[in-house]
Amino acid sequence: MSFSKSLLVAAVLATVSNFALAKDKMVVGTEPTFAPFDFVDDKSNEIIGFDIDVMKAIGDAVDMDVQMQAMQFDGLIPAVLSHSIDAAISGMTKNPQREKQVLFSDPYYVAAQGMMVRTADLGKFKVMDDLKGKPICVQIGSVGANIAQGI
């Protein structure tokens, strides 16, 4: 069941500085646990996916090699701010707090929120508000967590 509000999934990109342009590689952070956008290939142990293809295309456009770095989602913005990485790409929604810290690209994918319930509970939970007062499992810092706090 989809949440009616569409949410943006955007790449967080650091402002391209003269320092970044002087380098021959761009280190990009991602949390590779969100197939098909970014995940680790079982055979090659390489981070792959749609987001990685986007970053490689950006790298090609500015003549830079792209090196992907796996990290925790909540560490992506701090890593950009501390210059530990040059950019980050992950399923991240723009919000005013994040936009004060980093520059977001234009959105390249629109997603909606949904919920998953046990088959036995299908009749009990038809819309998000039906979850009021119930235990909810969400990823910390995600749009789902923000929605859960509002229920």
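**Exercise 1.** Determine whether His83 is buried or exposed, and locate this residue among the elements.

*Solution.* The relative accessible area of His83 is 69%. The model is a predicted one. Exposed stands for values over 50%, so His83 is exposed. Next, its position: His83 belongs to the loop that runs between α3 and β7. Finally, the backbone: phi of His83 is near 65 degrees, a positive value in a residue other than glycine. Most residues other than glycine have a negative phi.

**Exercise 2.** Carry out the analysis for Asn45: state its phi, its place and its exposure.

*Solution.* Phi of Asn45 is near 60 degrees and thus positive, although the residue is not glycine. Asn45 sits in the loop between β4 and β5 (47-48). With a relative accessible area of 63%, Asn45 is exposed.

**Exercise 3.** Identify the kind of peptide bond that joins Ala35 and Pro36.

*Solution.* Omega for this bond is about 5 degrees, and the bond is cis. Most peptide bonds are trans. Pro36 itself lies in the loop between β3 and β4 (38-40).

**Exercise 4.** Describe the elements of the protein and their order.

*Solution.* The count comes to five helices and nine strands. Along the sequence they follow the pattern β-α-β-β-β-β-α-β-α-β-α-β-β-α.

**Exercise 5.** State which residues form the largest nonpolar core, and which element supplies its largest share.

*Solution.* Eleven residues form the core: Val27, Phe73, Leu76, Ile77, Ala79, Val80, Ile85, Ala88, Met92, Val102 and Phe104. Both α3 (76-81) and β7 provide at least two of them. The largest share, four residues, is from α3. A second core of ten residues is separate from this one; among its members are Val28, Ile47, Met68 and Ile89. In the protein as a whole, buried residues make up 35% of the 151 residues.

**Exercise 6.** Characterise the largest pocket by its volume, its lining and the residue classes found there.

*Solution.* The space in the largest pocket is about 1,100 Å³. Its lining has 44 residues, of which Gln113, Gly114, Ser142, Val143 and Gly144 are the closest to the centre. Two or more lining residues come from each of β1 (2-13), β3 (33-34), β7 (87-92), β9 (109-114) and α5 (143-150). Sorted by class, the lining holds 24 nonpolar, twelve polar and eight charged residues.

**Exercise 7.** State the area that the protein exposes, and the part that carbon and sulfur atoms supply.

*Solution.* The protein exposes about 9,700 Å². Carbon and sulfur atoms supply 54% of that area.

Key. Residues are numbered from 1 along each chain as its sequence is written. This is a predicted model: local features need pLDDT of at least 70, side-chain atom pairs count only at pLDDT 80 or more; totals for chains, interfaces and linings use all residues. Side-chain values use heavy atoms; hydrogens and water are left out. On a 1 Å grid over the protein atoms alone, a cavity is a set of points where a 1.4 Å probe fits but cannot get out, and a pocket is an open set with protein on both sides within 12 Å along at least five of seven lines; lining residues have an atom within 4 Å of a point. Grid points are joined across faces, edges and corners, and a volume is the space filled by probe spheres set on the points. Ala, Val, Leu, Ile, Met, Phe, Trp, Tyr, Cys and Pro count as nonpolar, Asp, Glu, Lys and Arg as charged, and the others, Gly among them, as polar. Buried means under 20% relative accessible area, exposed over 50%, partly exposed in between (1.4 Å probe, protein chains only). Accessible areas come from the Shrake-Rupley method with a 1.4 Å probe; for residues, only the protein chains shown count as cover. A nonpolar core is a set of buried Ala, Val, Leu, Ile, Met, Phe, Trp, Tyr and Cys residues joined through side-chain atoms within 4.5 Å.
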